[in-house]
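Dear colleague,

Please find below the structure that I am handing over to you, together with its sequence. My findings follow after it.

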Amino acid sequence: MQLPDVREALLQVGGKDNDAAIASETTSRAEKELGDFEFLVSTVIWHEVLNHVNIDYRETGFSKAIDEAKDIAIEMSIDPIFPLKRLIERKKRFDESSSREEISFTPEENFRVNYFLYIVDQAISSLETRFEQFKEELKIKILRRLKKLEFEERADIDAEEFYTELKLFETLETNEFSNPIDVLKFLKELDYIPNASIAYRILLTIIVTVTYAERSFSKLKLLKSYLRSTMSQERLSGLAMISIENEILESIDYEDLLNQLLSKTSGELHGLSVNCYDM
């Protein structure tokens with residue numbers, strides 16, 4: 001979508017860079033590649049393929065790509081025509097008839113048949129294969145996960161029915177959900193996807209956070225530096241606890257804490273002095 005700006009930047013680099021090799025390469029790319037209408041069309045096609053390719057795009061996508069590339073070409077002052085390439089005559093074999101007519105395409109039709117259709121067919125085929133593999137992997141993972149939720153070989157969720165319900169849920173015309181709670185509310189309204197409803201209830205009641213452990217490790221890295229390499233384990237644990245529970249620490253009244261510490265210390269010293277006097 002920023003091809004005109006990219007071309008302008010390359011031309012500026014080619015005109016100002018002191019390195020002759022860089023200047024030559026950037027100028028060549030700006031004039032030959034970005035100045036080629038066929039390159040603009042292929043860029044538009046790849047943009048669509050990588051974002052939302054489907055079966056309908058194979059039938060209607062080429063004409064849309066041509067129109068979009070023409071708008072870009074006009075903005076870049078490029079002729080919106082496909083370059084006419086030199087035809088290479090193939091040598092005929094001895095058993096071929098000389099009257100056999102060769103199929104010839106216009107440059108635009110040749111690009112559509114040998115580039116556009118090939119790219120789109122490969123993309124659609126790859127996506128279909130990938131999604132089929134994903135569905136099989138999803139089923140295996142569901143069976144494996146639900147096996148862990150069994151108790152005495154009994155489970156609240158039927159794995160096969162749960163997988164079927166998920167496939168059915170994909171076909172429903174649903175709005176975009178912002179969080180799992182919205183999904184659970186929607187499932188409760190349906191009444192015919194019970195296993196999925198149970199699974200979401202379990203999801204929303206199981207604690208799955210590991211933030212505390214990660215926070216502990218990050219705090220230890222800050223505390224146990226090379227300057228504190230001789231710190232004892234007890235002191236390190238104490239400092240880590242203070243750092244992790246910083247919010248609780250800020251709510252503590254230091255004066256009361258010091259008074260408690262002083263009273264305890266003075267009591268121990270008093271007891272020590274009494275013992276010494278008795279001796």
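**Packing of α7 against α8, and a pocket**

In this predicted model, helix α7 (residues 180-190) and helix α8 (residues 194-203) have axes that come within 9 Å and cross at roughly 150°. Angles over 145 degrees count as roughly antiparallel, and α7 and α8 are therefore roughly antiparallel to each other. The crossing in which α7 passes α8 is left-handed.

Which residues meet where α7 and α8 are in contact? From α7 come Pro180, Val183, Leu184, Leu187 and Lys188, and these meet Ala196, Ser197, Tyr200, Arg201 and Leu203 in α8. By class, the residues of this contact comprise seven nonpolar, one polar and two charged.

Leu203 of α8, named in that contact, also appears in the description of a pocket. The second largest pocket holds about 400 Å³ of space. It is lined by 15 residues, of which Arg145, Leu146, Leu149, Ala199 and Leu203 are the closest to its centre.

Turning to the elements behind this lining, at least two residues each are supplied by α5 (107-148), α6 (159-171) and α8. The most is given by α5, with five residues. As to character, the lining of the second largest pocket divides into 12 nonpolar residues, three charged ones and no polar ones. Helix α8 is thus a convenient place to begin viewing, as α8 takes part in the contact with α7 and supplies residues to the pocket lining.

With kind regards

Technical notes
Residues numbered from 1 in each chain as written. Predicted model: local features only at pLDDT ≥ 70, side-chain atom pairs only at ≥ 80, totals over all residues. Heavy atoms only, no water. Axes fitted to C-alpha atoms, helices over the stretch in contact; angles between N-to-C directions. Helix = DSSP H or I, 4+ residues; strand = E, 2+ residues; numbered from the N terminus. Parallel < 35°, antiparallel > 145°, perpendicular 65-115°, else oblique. Left-handed = near helix turned anticlockwise from the far one by under 90°. Contact = heavy atoms within 4.5 Å. Nonpolar A, V, L, I, M, F, W, Y, C, P; charged D, E, K, R; others polar. 1 Å grid on protein atoms, 1.4 Å probe; cavity = no way out; pocket = protein on both sides within 12 Å on 5 of 7 lines; lining within 4 Å. Points joined across faces, edges and corners; volume = space filled by probe spheres on them.
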